Amino acid sequence: MPFAIYVLGLGIFTMVTSEFLVAGLMPQLSDDLGAGIPQIGYLVSVYAAAMALGGPLLTALLLRLRQKTALVLLYVVFLAGQALGALATGYGLMVAARLVTGAASGAFFGVALAVCVRITGPEVRGRATSIVLGGLMVGTVLGLPLSQVAGEHYGWRFAFWAVAALAALSLAVTCGAVPALPKEEPDGTGGSVRAELGAFRNARLWTAFATSMLIIGATFAAFSYFVPILTDVTGFAAGTVPLLLVLYGAATVVGNAVVGRLADRHTMVVLGTGLALNTVFLTLFALGAGNAATALTAMTGIGLVGVTMNPAMVTRVMRTANDRPLVNTVHTSFITLGVVVGSWVGGIGVAHWGLRAPLWTGAAMAVLGLLTLLPEVLRRTAPSAPSAVESSLPTTERPTRV
């Protein structure tokens, strides 16, 4: 496995840590910036929106550059946004900082995955993708607690500068470890942007995007409310919950590694099995949330088969369209949209039906995800239509299809 793959994973870890940074620093940010806790919470949504909308736009602007150059420029943009956040003296400046870092992060995902594909062979591509996306898993698990500890002991500005320093380190290693790949020639005629935009005329690509959004949405509908569910419904002490979330995080790392091994050869089987099992685990959690053993089993199961589907999701999208940055970045936007939609719908459920509602919401979204796989399954299992030449032959002379 090329060392550059781990470097790309480090970059994604850095940017995901920045995404969750605010969640662990809410009291300090609220006091210093003169904004309420809800307004500070919106900074997480601002980052996600910038990833979903700004990421593809920024990627399109960088398409004509070599991909290593694009990575370096995205690091520079991210560092500028992170520094602006660390120096912010008011809420408006912090919003601007989150918009910049979010857009850079969204574009980085797409370019990093494109580089990953180009520097690895087909036989290890699924594993390589899982390592790159492993930065997402580890960042999701460690970003919040690390920022919380740093904020409590050294202040929120230190936490922002710490992420900036990590980004600077990642940039330096990227300059030395990631090869200077030649520019790719676009398919067909016209410029690179036109060639990459042509992929979006494929209806199957949009179905794949929908599946990815529902997989992530199903998981985050539940994950966003794990803490109150575990304390108020299951009955765990508040001090125990961080340890339980570490268990969940460990499950995501294991699941990501397993899916990475299987994603290349068994893409659709992995996606179908993952969605089916996630439906089971979410339903089990909803029914047995009041029992500690059942809740832990279900939560661990969700960790194994939820966000860990990322390598298979990426493999499917690349095979459906192409492995270039714009398709990967738009795919990342749909994944981010899944986080937003899942958390939002889960919150509506909490407001109307209580803390078990997000678990039922997640199960329903997982079932919808399974339904989006049906057209692809039917397409693969349908018998091929006879060619024009075969149709012109008498029935007895047509070749037998095996």
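This is a conversation between a student and an author about the structure shown above.

Reader: What kind of model is this, and how are its residues numbered?
Author: This is a predicted model, in which local features need pLDDT of at least 70, side-chain atom pairs count only at pLDDT 80 or more, and totals for chains, interfaces and linings use all residues. Residues are numbered from 1 along each chain as its sequence is written, and side-chain values use heavy atoms, with hydrogens and water left out.

Reader: How many helices and strands are there?
Author: The chain contains 17 helices and zero strands. Both are DSSP runs numbered from the N terminus: helices are H or I with at least four residues, and strands are E with at least two.

Reader: Why is the chain called as compact as a globular protein of its length?
Author: Its radius of gyration is 22 Å, close to the 21 Å that the globule rule gives for 402 residues, so the chain is as compact as a globular protein of that length. The radius is taken over C-alpha atoms, and the rule is 2.2 Å times the number of residues to the power 0.38. Along its principal axes, the C-alpha trace spans about 80 × 50 × 35 Å.

Reader: What percentage of the residues is buried?
Author: Of the 402 residues, 52% count as buried, meaning under 20% relative accessible area, with exposed over 50% and partly exposed in between (1.4 Å probe, protein chains only).

Reader: Moving to helix α5, what is its reach?
Author: Helix α5 covers residues 91-118, and its 28 residues reach 41 Å from first C-alpha to last, close to the 40 Å expected at 1.5 Å a residue. The expected span is 1.5 Å times one less than the number of residues. Helix α5 is mostly covered, with 20 of its 28 residues buried.

Reader: And Asn-278, where is that?
Author: Asn-278 lies in helix α12, which runs over residues 267-288. Asn-278 counts as buried because its relative accessibility is 2%.

Reader: Which residues does Asn-278 touch?
Author: Leaving out residues up to four places away in sequence, Asn-278 touches Ala-218, Thr-219, Ile-302, Val-305 and Gly-306. Contact means heavy atoms within 4.5 Å.

Reader: Is Met-268 buried or exposed?
Author: Met-268, also in helix α12, is buried, with a relative accessible area of 12%. Apart from neighbours within four places in sequence, Met-268 is in contact with Arg-316, Leu-373, Glu-376 and Arg-380.

Reader: How far apart are the C-alpha atoms of Met-268 and Glu-376?
Author: They are separated by 8.6 Å, while the two residues are 108 residues apart along the chain.
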